[in-house]
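User: I would like a close look at one part of this protein, followed by an account of how that part sits within the whole. Please keep the answer connected rather than itemised.

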Amino acid sequence: QAGALSFEIISNGKKLICNSGYFQNQNHQLNELTKSSAIHSTLILDDRSSCKFNNTKNKGSKISQGLKIIKKNIVFEKNYWKINVAHDGYLKQYGIIHEREIEFYPEQTKFVGYDKIISKRNIKNLKFEIRFHLEPNIKTMKTQNNKSILIDLDGEGWKFNSDNNMNIDNGLYFGKKDSFVDNQNIVISGMTNDKNQTIKWEITKL
């Protein structure tokens, strides 16, 4: 699967942020879709996955060009957690490194994320998306100022913030074997340029 730097958040035994699951039937076209980066809670560049796949006879698609984790730093203290990781899955084709840093403040029940698009050579404008997948039972509502999305996790309130362009998108969730249901995901979108970019987002419990 091309889910590099994706993550999940669990609150009181329920998933707040998730990945959208896996369709196990290797002969079905949904099998390949569920291996893609777009089904994971991570950054997607130019509608491409961070790994490349080749189809193999009777065995579904296999990774033909993988990636390397080129940076990893973890901090775990009483009142502060941080993970900082980067991969080179978009480097060969686009000259881009994806670096993700997520901080967690336990006392505030607050996550602060930074997705960094780091250019290693002159690049053309490319579309990027950062997706945050939600389980089917979760309800969402965008605030009037377009800066926040309210999340209802079975009566538990959360708020997703970002100053970047963000929307609520419909998707598919593959939580049960060889079946799917509709779900939603929060998506931050934009365009790359010659300069490095840092996209900040926050998830806070209300």
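Is Ile83 buried, partly exposed or exposed, and what is its relative accessible area?

Analyst: In this predicted model, Ile83 is partly exposed, because its relative accessible area is 35%, a value between the 20% limit for buried residues and the 50% limit for exposed ones. The residue is found in strand β7. Together with Ile74, Phe76 and Trp81, Ile83 makes a nonpolar surface patch of about 440 Å². Two strands, β6 (69-76) and β7 (81-87), each supply at least two residues of that patch.

The general background is that, in soluble globular proteins, nonpolar side chains tend to be buried together. The interior of the model offers an example in its largest nonpolar core, which has 32 residues. Within this core, Phe132, Phe160 and Ile203 touch the most other members. Beyond its neighbours within four places in sequence, Ile203 is in contact with Ile9, Leu16, Ile17, Thr109, Lys110, Phe111, Trp158, Lys159 and Phe160.

Phe132 also leads to a polar residue, since Asn185 counts Phe132 among its contacts outside the four nearest places in sequence, along with others including Arg131, His133 and Asn167. Asn185 belongs to strand β15 (residues 181-191), and its relative accessible area of 2% means that this residue is buried. The Asn185 side chain makes a polar contact of 2.6 Å with the side chain of Arg131.

Charged pairs form a further layer of the description. The structure holds 12 salt bridges. One of them joins the side chains of Glu99 and Lys116, at 3.7 Å from N to O. Glu99 is placed in strand β8 (residues 96-105) and Lys116 in strand β9 (residues 110-119), so this pair ties together parts that are 17 residues apart in sequence. Glu99 is buried at 7% relative accessible area, whereas Lys116, at 21%, is partly exposed.

Another salt bridge links Lys205 with Glu156, whose closest N and O atoms are 3.7 Å apart. Here the pair ties together parts 49 residues apart in sequence, because Lys205 lies in strand β16 (residues 197-205) and Glu156 in strand β13 (residues 156-161). Lys205 is partly exposed, with 32% relative accessibility, while Glu156 is buried at 14%.

A further salt bridge is formed by Glu202 and Lys200, with the closest N and O atoms 3.6 Å apart. Glu202 is buried, having a relative accessible area of 18%, and Lys200 is partly exposed at 38%. Salt bridges with shared partners also join Asp47, Lys127, Glu129, Arg131 and Asp169 into one network. Arg131 is thus a member of this network as well as the polar partner of Asn185, and Asp169 of the network is likewise in contact with Asn185.

As for the whole, the secondary structure of the protein comprises 2 helices and 16 strands. Of its 206 residues, 44% count as buried. Among contacts between residues at least 6 apart in sequence, 58% join residues at least 24 apart. The protein exposes about 11000 Å², of which carbon and sulfur atoms supply 46%. The patch that includes Ile83 is a nonpolar part of the surface.

Terms used: Residues are numbered from 1 along each chain as its sequence is written. This is a predicted model: local features need pLDDT of at least 70, side-chain atom pairs count only at pLDDT 80 or more; totals for chains, interfaces and linings use all residues. Side-chain values use heavy atoms; hydrogens and water are left out. A nonpolar core is a set of buried Ala, Val, Leu, Ile, Met, Phe, Trp, Tyr and Cys residues joined through side-chain atoms within 4.5 Å. Buried means under 20% relative accessible area, exposed over 50%, partly exposed in between (1.4 Å probe, protein chains only). Contact means heavy atoms within 4.5 Å. Helices (H or I, at least four residues) and strands (E, at least two) are DSSP runs, numbered from the N terminus. A polar contact is a pair of N or O atoms within 3.5 Å; within protein, one must be able to donate a hydrogen and the other to accept it, and residues adjacent in sequence count only if both atoms are side-chain atoms. Patches are made of residues with over 30% relative accessible area and no salt bridge: like charges are joined within 9 Å, nonpolar side chains (Val, Leu, Ile, Met, Phe, Trp, Tyr) within 5 Å. Accessible areas come from the Shrake-Rupley method with a 1.4 Å probe; for residues, only the protein chains shown count as cover. A salt bridge is a side-chain nitrogen of Lys or Arg within 4 Å of a carboxyl oxygen of Asp or Glu.
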